[in-house]
Amino acid sequence: MARKSDIPSSYYGEPRNFDPTFRGPVHNRSCTDVVCCVIFVIVILGYIALGTVAWIHGDPRKVVYPTDSHGQFCGQQGTPNANKAILFYFNILQCANPAVLINLQCPTTQLCVSKCPDRFATYLDMQYNYRYNKSYWEYYKQFCKPGFDNPKKPVAQVLRDEDCPSMIVPSRPFLQRCFPDFITRNGTLTVANQTNFKDGVGKTRSVIDLRDAANGITSLLDAKEVGMKIFEDYASSWYWILIGLVITMVVSLLFILLLRFTAGVLLWLIIFGVITAVGYGIWHCYWEFSTLRGKPDADVTISDIGFQTDFRVYLQLSQTWLVFMISLSVIEAIIVIMLIFLRRRVRIAIALLKEGSKAIGYIMSTLFYPIITFFLLAICIAYWAVTAVFLASSGEAVYKVMSTQPNCMYANFTCNPETFSQTNVTKVCPGSQCTFAFYGGESLYHRYIFVLQLCNLLVFLWLVNFTIALGQCTLAGAFASYYWALKKPNDIPACPLFSSFSRAIRYHTGSLAFGSLILAVVQMFRIVLEYLDHKLKGAHNAFARFLLCCLKCCFWCLEHFIKFMNRNAYIMIAIYGKNFCTSAKDAFFLLMRNVVRVAVLDKVTDFLLFLGKLLISGSVGVLAFFFFTRKIPVIQEEVPSLNYYWVPLLTVIFGSYLVAHGFFNVYAMCVDTLFLCFLVDLETNTGSAARPYYMSSTLRSILNKKNSKRKRRR
């Protein structure tokens, strides 16, 4: 009778016959998915062209700098506003109008000035005092339209023609805009020590009205002060933050290298710790149940008391603790049964974790590859952001009718500021203004700005996913070279990481681009769904919101499944050099034939790495806390003086987690690669002298496999 190992793999319904002569990553390769590679190159060239066109037509100053009512930049060199870098609102009280939230513009004349007003004044008071002192007009006219120099013009006509503001209030520049200079004294909000002022049309107003008009400005000013203090803290503690991140790098490296000795002990401690914790929970629930069972008020059932907002009421019922005890007992039984039947697979997972640590120890350069990935991602993000800003700032000035009346029929209509006074809009909607709104245009390019922004986002997602895919394929090739070395480390090829990177770029750019495009399209759909969900938050159509929620859930699952399959497909590409579809199919069926092993290894690896990241970032965070709070006497004098000690502390904790995440991602990729190689090894080799197993002796002993020794020639 033939042994199972002697029967061809196709007999068992496998998707392909693995090459029995396979001895490691294929070196004689050909280019895969050439069509997708060509499309990818064309798209990159088109993306460069898009950035060039956006750079020619766009001007980021339109987004960054304030713009007056005529669409001119404040502070722009070579214009009359060259020395006027601050935006002044004629009537800031109009900025409290709901139209501001709708049109993102304040419905009042906006003017560029060189400085903000420093006193309360009205045009009526100025005109009255002008008869005695000409200096009143000299000061006031700098806040009027350029060229207007007629202080004797009737007030009604001045306000009608928007020649000058009806009033000015003491202000200070913030974000290059004049906002009232709010100061709180003894709990009272004031402006220049005043709580009331004249609005220039015969009314006395409270500074509360100014606060409502400049809603959120007070908090923004406070935020600016906090921001300056945070900047000072970073300036004085940046080198200590770097020291903390370096410590994290060293600890992460040591943790990975020590996993070969501690993975088994650590994992079994965790498993038995969970069993013990659940067992204690069962005992505690039984004790509470026994204590409450004899009390008359505790025999009431949960259904009798119904829903209660105070959940402590349920804890006083014996039935609640009985339900808890039964639930925990079921969980405990499931854990024990799974542990009994899956103990061999848990041991395989532990052995692969140890083997991954060995592989990284032999190929240390892999730990620093994330720096290359980070650099490429930074380039992608920067190019996308710059292109998006230039696209957003493309076009000519567009003017809209801004009205203080909510029922104005012409509100938000396009208008021409030069002919606006000749139309009947001002008669139908008194007080309306033809104000600059945004930059746009009627050309073909300007009409498709939104489409170009979507293309910019899609290509950005494609490039980001391609960069990640390139890193995964490169690391997989390096670690596969380690696994398929029969005598480690002697048979490991020289420079495995560089060789793997070269193979991925030279032969498999098309395959990596294909897998990245599929993921990018799914992510694009998710972004569109999130946008629609944001728009429908105020809608009352329950069915539409339910359908949208289901779609979001489905696409979330689809994205994570594609990420999982792409990761394993890239590993197969790095090993066999096949195209993306073939590699994805092979990886899928290989994993499905070993689905229990996959589930155990995936959960064990994820949990162990999460524990490691939490342990490292938490330990470094505790050390940073004791340091920045001066609780380490030895180096107490070295601690810099800080406004907020939590600024460098949170930076160290978050940065430490990112550094540990980068190291452990390499480790996770290593374990996944070794796992697929292990499965291929089991299906292609028999342990004979001609086809020996490449797995470690630990794995062979767990599976009761042996390699036949070659007979020595006499």
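A residue is called buried here when its relative accessible area is under 20%. In this predicted model, buried residues account for 43% of the chain's 714 residues. The accessible surface adds up to about 39,100 Å², and carbon and sulfur atoms hold 64% of that area.

Let's turn to the fold. The chain is built with 22 helices and 12 strands. Of the contacts between residues at least 6 apart in sequence, 71% link residues at least 24 apart.

Now for the interior. In soluble globular proteins, nonpolar side chains tend to be buried together. The largest nonpolar core in this chain contains 111 residues, and Phe-675 and Phe-678 have the most contacts inside it. Helix H15 supplies the largest share of this core, with 19 residues. Apart from it lies another core of 21 residues, including Ile-86, Val-113, Tyr-130 and Val-155.

Phe-678 deserves a look of its own. Beyond its neighbours within four places in sequence, Phe-678 is in contact with Ile-348, Leu-352, Tyr-483, Arg-597, Met-695, Leu-699 and Leu-703.

Finally, some backbone details. Most residues other than glycine have a negative phi. Two residues listed below have a positive phi although neither is a glycine.

| Residue | Phi | Location |
|---|---|---|
| Asp-33 | about 50° | segment before helix H1 (34-57) |
| Cys-495 | about 50° | loop between helix H15 (449-483) and helix H16 (496-507) |

Cys-495 is also exposed, because its relative accessible area of 53% is over the 50% cut-off.

Note on methods
Residues numbered from 1 in each chain as written. Predicted model: local features only at pLDDT ≥ 70, side-chain atom pairs only at ≥ 80, totals over all residues. Heavy atoms only, no water. Helix = DSSP H or I, 4+ residues; strand = E, 2+ residues; numbered from the N terminus. Buried < 20%, exposed > 50% of the residue type's maximum accessible area, 1.4 Å probe, protein only. Contact = heavy atoms within 4.5 Å. Areas by Shrake-Rupley, 256 points an atom, 1.4 Å probe, with all protein chains shown as cover. Core = buried A, V, L, I, M, F, W, Y, C linked by side-chain atoms within 4.5 Å.
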